Amino acid sequence: MKIFDKIKTDPYYKVWLKDAWPYVTGAILLSVFQIVSLASAGTPWGVSGTLADWGAWLYQLVGGSVDKWYYFASDAAQAKLAAGPLKDPGTFRNLGLIAGALFAALIASGFKFKKIKTWRQVAAAVLGGLLMGYGARIAFGCNIGALFSGIASMSLSGWVYAVFLFLGAIVGSKLLVKYFM
Amino acid sequence: MSKEVELDCLGEACPVPLIKAEKALEGMDVGDVLICQIDHSCAMKNVPEWAREQGHNVEVEEVDDGEWEVIIEKVK
């Protein structure tokens with residue numbers, strides 16, 4: 001269609017929607033919106049905690065119970081689970097994250113179904129996901145909840161997290177070069 | 001005679017394309033051209049950035065939706 005050819009060559013489309021934004025722009029927007037999120041939801045921005053709640057709700061859906069689980073033992077956690085996903089700000093934040101990322105990729109015409117190259121990739125992704133999920137839960141936060149929101153809340157734990165994140169990244173890159181290159 | 005090398009990084013996530021490109025370029029001569037095929041948008045940022053920093057000539061071509069070729073001419 002003609003209109004798409006016109007949009008494609010438009011310089012504003014290129015700068016705003018097509019090309020990646022500079023890191024500084026991203027940093028400023030993330031900071032502003034985490035403040036908005038904290039003010040509106042009352043809790044600091046986190047991602048992986050909600051994934052654990054989703055897991056609990058799914059488990060309850062098939063008849064399971066997490067009442068006795070240490071992780072969900074607090075009154076606050078029980079109240080949150082009882083209220084359900086529709087009353088959970090984190091659920092909407094995560095859904096918004098997925099929808100926003102999809103929208104950004106689509107509007108930049110950068111969406112693609114990628115082929116799985118090797119089964120080693122699949123194994124690494126599953127193993128990495130499990131380790132990240134487990135690590136994030138015993139650390140009470142991922143790089144968003146514990147690092148980003150932690151540092152933004154003037155918490156020392158955020159900085160401790162940063163140091164060990166860096167050390168972990170060094171070990172991770174060594175393993176990556178060894179097994180994937 | 002300069003040669004052209006194609007590097008298939010399709011389906012690879014960061015930082016694999018960058019490390020592969022670094023390794024491939026190391027073994028090439030001045031004037032040779034490396035064509036990195038990429039379908040990971042963040043590699044689309046760091047591969048050209050690294051190559052330009054090294055002083056090579058870089059061109060990015062959009063081949064398809066979410067698929068690019070980063071063309072690097074080794075200059076030194």
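These legends go with close-up views of a predicted model.

**View 1. The open sheet of chain B.** Let's start with the strands: there are four of them here, lined up as β1-β2-β4-β3, and their pairing is mixed. As a bit of background, strands in a sheet are held to each other by backbone hydrogen bonds, and they can run parallel or antiparallel. Now look at the edges of the sheet, where you'll find β1 (4–9) and β3 (57–64) of chain B. Each of these has just a single partner strand, so one side of it has no neighbour in the sheet. On average, neighbouring strands are turned by 20° against each other, ignoring direction.

**View 2. Strands β2 and β4 of chain B, side by side.** Here β2 (residues 33–38) and β4 (residues 67–73) pair up in the antiparallel sense, with six bridges between them. Which residue of β4(B) is the bridge partner of B:L34? That's B:I72.

**View 3. Two helices packed on the sheet.** Helix α1 of chain B (residues 16–26) packs on the sheet and touches β1, β2 and β4 of chain B. The direction of α1 makes about 160° with that of β1(B). Helix α2 of chain B (residues 43–53) packs on the sheet too, touching β2, β3 and β4 of chain B. The direction of α2 makes about 5° with that of β4(B).

**View 4. A closer look at A:M132.** This methionine belongs to helix α7 (residues 119–138) of chain A. Is A:M132 buried or exposed? A:M132 has a relative accessible area of 61%, and because exposed means over 50%, A:M132 counts as exposed. Follow the chain to A:C142, 10 residues apart from A:M132, and the two C-alpha atoms are separated by 8.0 Å.

Terms used
Residues numbered from 1 in each chain as written. Chains lettered and ligands numbered in written order. Predicted model: local features only at pLDDT ≥ 70, side-chain atom pairs only at ≥ 80, totals over all residues. Heavy atoms only, no water. Pairing = 2+ DSSP bridges. Helix = DSSP H or I, 4+ residues; strand = E, 2+ residues; numbered from the N terminus. Axes fitted to C-alpha atoms, helices over the stretch in contact; angles between N-to-C directions. Contact = heavy atoms within 4.5 Å. Buried < 20%, exposed > 50% of the residue type's maximum accessible area, 1.4 Å probe, protein only.
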